[in-house]
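Welcome! Take a moment to look over the model, and then let us walk through its inner spaces and one of its helix contacts.

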Amino acid sequence: MNSYILKRLLSMLVTLWLIITLTFFLMHSIPGSPFNEERATSEAVQKNLEAYYHLDEPLPVQYATYLKSLITLDFGPSIKKSSQTVNDMLSRGFPVSFELGMWTLLLAVFSGIVLGIIAALRHNGFIDYLAMTIAVLGISVPNFVLATLLIQQVAVNWDLLPAATWTSWRHMILPTLALATGPMAIIARLTRASMLEVLTQDYIRTAKAKGLTPVKIVFKHALRNALLPVVTVLGTMAASILTGTFVIEKIFAIPGMGKYFIESIGNRDYPVIMGTTVFYSAVLIFMLFLVDFAYGVLDPRIKLSKREGR
């Protein structure tokens, strides 16, 4: 087990390094400078700014300097907001994005699994068709379109909920619904398909023959194996949601990580682009690492096959 963890940690570090390297050189390969006419009124001022941010150094030197700063978890100062560092932006934006992501993830997982179970138990019935119709709509309608509709109807026309900012629980409802619909639909379809397959297995027939109640059969025997496909997509889905969905945060004026990332791209703020990319990649890699352990918890056969493989 210890050797497996060490191998995974090493592969995670190598993957993160490759992402950092690729992002760094692709970003610096774009022609132009992050300093526009408003900041650099003369060539001398622009050169001084480039020297201050080490942009006048050769690209390999900039790359080595950036890797050294990452070792100490220092993402550097923002180019466009010189009074702030990338660490400050992450410390302010990530808690908001994380809170939004947690509520979204809980809603999507709970409602998606429940919807999938109900559809599987009522296979080819009205409830099944209704549940899958909702799932198809959830996948087909982009979250930014749904967000616009929610703002127009719920916030503007009906005046039931606030449309923007992030100051109370009422502000969380609309962006959470807009974000959770798509993941909920994916989880519902995966749960339904997996449950239909599991319910035809021999051990389920044996459980029915023993006289177990449908509730015990579903939640004690069938659901555990049926959740394996859900866990597969949950790693990347959770990382994407927890680190902030940029478009939704922009639409609802939520002060999360998405705000800084979108602004940094338009401003060509290299440190902010790198900082948010590295942070998101680290969270994604860590979530995939947790998914592997979740496999072992849900399916003991995975542990057995590893021991036999040794």
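How much space lies in the second largest cavity? In this predicted model, the second largest cavity holds about 30 Å³ of space. Its lining is made by Pro162, Ala163, Ala164, Thr165, His171, Pro175 and Phe252. By class, 5 of these lining residues are nonpolar and 2 are polar, with no charged residues.

Stepping back, a search of the whole structure turns up 2 cavities of 30 Å³ or more. The largest cavity has a volume of about 60 Å³. Around the largest cavity you will find Ser78, Lys80, Lys81, Met89, Tyr260, Glu263, Ser264, Asn267, Asp269 and Val272. Helix H12 (residues 257-267) gives the largest share of that lining, with 4 residues.

Here are the two cavities side by side:

| Cavity | Volume | Nonpolar lining | Polar lining | Charged lining |
|---|---|---|---|---|
| Largest cavity | about 60 Å³ | 3 residues | 3 residues | 4 residues |
| Second largest cavity | about 30 Å³ | 5 residues | 2 residues | no residues |

Now for the helices. Two packed helices are described by the angle between their axes and the distance between the axes. Helix H4 (residues 86-121) packs against helix H7 (residues 169-198) at an angle of about 35°, and their axes are 6 Å apart. The crossing of H4 past H7 is right-handed. In the contact of H4 with H7, the residues divide into 21 nonpolar, 6 polar and 2 charged.

Conventions
Residues numbered from 1 in each chain as written. Predicted model: local features only at pLDDT ≥ 70, side-chain atom pairs only at ≥ 80, totals over all residues. Heavy atoms only, no water. 1 Å grid on protein atoms, 1.4 Å probe; cavity = no way out; pocket = protein on both sides within 12 Å on 5 of 7 lines; lining within 4 Å. Points joined across faces, edges and corners; volume = space filled by probe spheres on them. Helix = DSSP H or I, 4+ residues; strand = E, 2+ residues; numbered from the N terminus. Nonpolar A, V, L, I, M, F, W, Y, C, P; charged D, E, K, R; others polar. Axes fitted to C-alpha atoms, helices over the stretch in contact; angles between N-to-C directions. Left-handed = near helix turned anticlockwise from the far one by under 90°.
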